[in-house]
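Trainee: I'd like to go through this one with you and ask where the labels come from. Can we look at it together?

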Amino acid sequence: MAMRKVYSEIKGMKLKEVPSYFKPMLSVGYVKKAVQRGLDNYHAKYIETDSIEPLYHICFGGMIFSYLVALPNERRHLEHKEHAEQHGHH
């Protein structure tokens, strides 16, 4: 939804005008306000309603995070295994 709004706003702009549109959005203050709005919306949608979904978010987020942390190590093992197979080692 937000991307659609941004697209509709910049659709009619000239290319020279686009950086001046995005520059205020890259300030620290704007980012802090955007994060705070997101946290407030999350709190209103899930925490105040006594929903169980935040627990799901933590569980699935933890699984994804642990997978991403372990991925480089797993790739190294796979590359080593493939290298050993190519050179005739067990």
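Trainee: In what order do the elements of the protein run from the N terminus on?

Mentor: They go α-α-α-α. Keep in mind that this is a predicted model. The count is four helices and zero strands.

Trainee: What makes aspartate 50 count as exposed?

Mentor: Exposed means over 50% relative accessible area. Aspartate 50 has 71% relative accessibility, so it counts as exposed.

Trainee: And where does aspartate 50 lie?

Mentor: In the loop between α3 (28–47) and α4 (53–86).

Trainee: What is the phi of aspartate 50?

Mentor: About 55°, so positive, although aspartate 50 is not a glycine. Most residues other than glycine have a negative phi.

Trainee: How many of the 90 residues count as buried?

Mentor: Just the percentage here: 6% of the 90 residues. To be called buried, a residue has to come in under 20% relative accessible area.

Trainee: How does the radius of gyration of the protein sit against that of a compact globule of 90 residues?

Mentor: The globule would be near 12 Å, but the protein has 23 Å. The C-alpha atoms fill a box of roughly 60 × 45 × 25 Å along the principal axes.

Trainee: What about the accessible surface of the protein?

Mentor: That comes to about 8,600 Å², with 64% belonging to carbon and sulfur atoms.

Trainee: How far apart are the mean positions of the positive and negative charges?

Mentor: They are 13 Å apart, taken over 13 positive and 10 negative charges.

Key: Residues are numbered from 1 along each chain as its sequence is written. This is a predicted model: local features need pLDDT of at least 70, side-chain atom pairs count only at pLDDT 80 or more; totals for chains, interfaces and linings use all residues. Side-chain values use heavy atoms; hydrogens and water are left out. Helices (H or I, at least four residues) and strands (E, at least two) are DSSP runs, numbered from the N terminus. The radius of gyration is taken over C-alpha atoms; the globule rule is 2.2 Å times the number of residues to the power 0.38. Buried means under 20% relative accessible area, exposed over 50%, partly exposed in between (1.4 Å probe, protein chains only). Accessible areas come from the Shrake-Rupley method with a 1.4 Å probe; for residues, only the protein chains shown count as cover. Lys and Arg count as positive and Asp and Glu as negative; His and the chain ends are not counted. The place of a charge is taken as NZ of Lys, CZ of Arg, CG of Asp or CD of Glu.
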